[in-house]
Amino acid sequence: MTPSEGARAGTGRELEMLDSLLALGGLVLLRDSVEWEGRSLLKALVKKSALCGEQVHILGCEVSEEEFREGFDSDINNRLVYHDFFRDPLNWSKTEEAFPGGPLGALRAMCKRTDPVPVTIALDSLSWLLLRLPCTTLCQALHAVSHQDSCPGDSSSVGKVSVLGLLHEELHGPGPVGALSSLAQTEVTLGGTTGQASAHILCRRPRQRPTDQTQWFSILPDFSLDLQEGLSVESQPYSDPHIPPVSKNAKARTRKCSLVSGQGRENKSCRGWGWGQGF
Amino acid sequence: MARRPGTGYLGVVVRRGSTRGLDWRLGPAESGLLGHLAYSQRLTVRSRTERNWLGPSPSWAPQADLFSPRSSHSGGKLTLLCDAKTDGSFLVHHFLSFYLKANCKVCFVALIQSFSHYSIVGQKLGVSLTMARERGQLVFLEGLKSAVDVVFQAQKEPHPLQFLREANAGNLKPLFEFVREALKPIDSGEARWTYPVLLVDDLSVLLSLGMGAVAVLDFIHYCRATVCWELKGNMVVLVHDSGDAEDEENDILLNGLSHQSHLILRAEGLATGFCRDVHGQLRILWRRPSQPTVHRDQSFTYQYKIQDKSVSFFAKGMSPAVL
């Protein structure tokens, strides 16, 4: 492979990774930690969405607008619609500048959109919201906004919706994290070793078993991705450690029964932990 | 140049435009830290004889300092101090004296010790807190004294520690308004001070006094918005890590602040217990750089010994006691 072919292949793999994270739409959960921050990947995804011509909305709660926009060129910045909830999120200043209903109100307002343009909503951060809102309220809002493009009986053609949620894992217990995980179409868990970051990507595609892969990468100053050769583990069926393995015969019997009884259609609507996804 | 065994210094000597000119008393591990600091902060020439731990001498220009208020996104920085199984207050004393010497306007929310305690230590480090307070450079909230006033005396105006009198105090808005008022620029036509700085010692006390972790996080959030973003100043806060797995509130506070911080300094006791010549180790974690870098060493660990007027740092296992 020539160097130019390698560069094109590298660019192609970068786009493949970002595309795979955004392709399914719905909720994309970015799980980071103190040691492996996820805001850079969030900004990389925001940039990718903006370059694809999508409407990009940022609900900025955790950092200032200037800090979030830093590193983007003017072309990208002009495409971002920034909702600033950093300066006065709780309306302590008692001015009329605060958005009525706060961040939750802004999120719910996005459920009422009707235009066909695909939209990406970046929540910076989902942890900020989860610490201050009831988990059920937040999950309901996330479900409504991330599934508005798949509402049955809706005659208007609403464009694809992707919700990128940055979640700081150490801040929440297993219950809220599990609830959000069950809503997510894609989960990215950041980690790594000394000097090298990795992303464990879990995708839940409709009518398919969840797949997971690990990709080693680094984020360049312009928020493009530099993927590392040779270290990625290819996509493979996801094995939930809490679910015991099923034999082939048992799978065949289950599939046959589902086809006969029509139960498979009901199972497709089930969420969480891989149930209803091909079992 | 031969390396002389002995104590080293952190962030002391660099050469202009180079990451290779380093304190001869430091080994390769320490030189990596100074190289990183020099690269990230564009430090300029200093004398190798200057001694100051965790920072430059008073003559150092603030913008060239490791903990300078300036950053590439034109905002200040939040530095989180954390101590586990040891006393990390030496870091508080360092930052207090450092910012006063750098001619910054300092608001110090001191909830743990009295004014006289910090003043005595400050004198050892070359600053007079009394004079700083008298000339208006230092705004000092003495929590121990104020708490008695709030609880046993009726207050005509809202007090920063008003929550001590309220059965269901939901937030720390009065404390935030105190900080904002203390650090707001004075329209006198001529700026006396360089940058505002908020110092808090320590936030864990607020949990013990009945505030929830989210309320404390909200307080810090508003302080960040005002001090770091609006006023381009710095913040330094201390949180204890009790190591108690059942203290969920403290864990939320510590982890929540960790995610907001640009720099985390964690003082830890030695796993092997007390040692006369090594008082603990300091872990330094850089976070949230203004620009992501491709390959970056994010954390460093040094051991230290606290002396009468300074602190010596050295690589693990390089204490004079064992060499």
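The following exercises concern backbone geometry and cysteines in a predicted model.

Local features need pLDDT of at least 70, side-chain atom pairs count only at pLDDT 80 or more, and totals for chains, interfaces and linings use all residues. Residues are numbered from 1 along each chain as its sequence is written, chains are lettered from A in the order in which they are written, and side-chain values use heavy atoms, without hydrogens and water.

**Exercise 1.** Determine why A:Cys52 forms no bond with A:Cys203.

*Solution.* Step 1: a disulfide is a pair of cysteine sulfur atoms within 2.5 Å. Step 2: the closest cysteine sulfur to that of A:Cys52 belongs to A:Cys203 and lies 16 Å away, which is too far for a bond. Step 3: over all chains, the structure holds zero disulfides.

**Exercise 2.** Locate the cis peptide bond that joins A:Asp124 to its partner.

*Solution.* Step 1: the partner is A:Ser125, and omega is about 10 degrees. Step 2: A:Ser125 sits in the chain A loop between strand S4 (119–124) and helix H6 (126–132). Helices (H or I, at least four residues) and strands (E, at least two) are DSSP runs, numbered from the N terminus.

**Exercise 3.** Describe the phi angle and the surroundings of B:Lys85.

*Solution.* Step 1: although not a glycine, B:Lys85 has a positive phi of about 60 degrees. Most residues other than glycine have a negative phi. Step 2: in chain B, the loop between strand S3 (78–84) and helix H2 (89–101) contains B:Lys85. Step 3: B:Lys85 has a relative accessible area of 84% and is exposed. Exposed means over 50% relative accessible area, buried under 20%, and partly exposed in between (1.4 Å probe, protein chains only).
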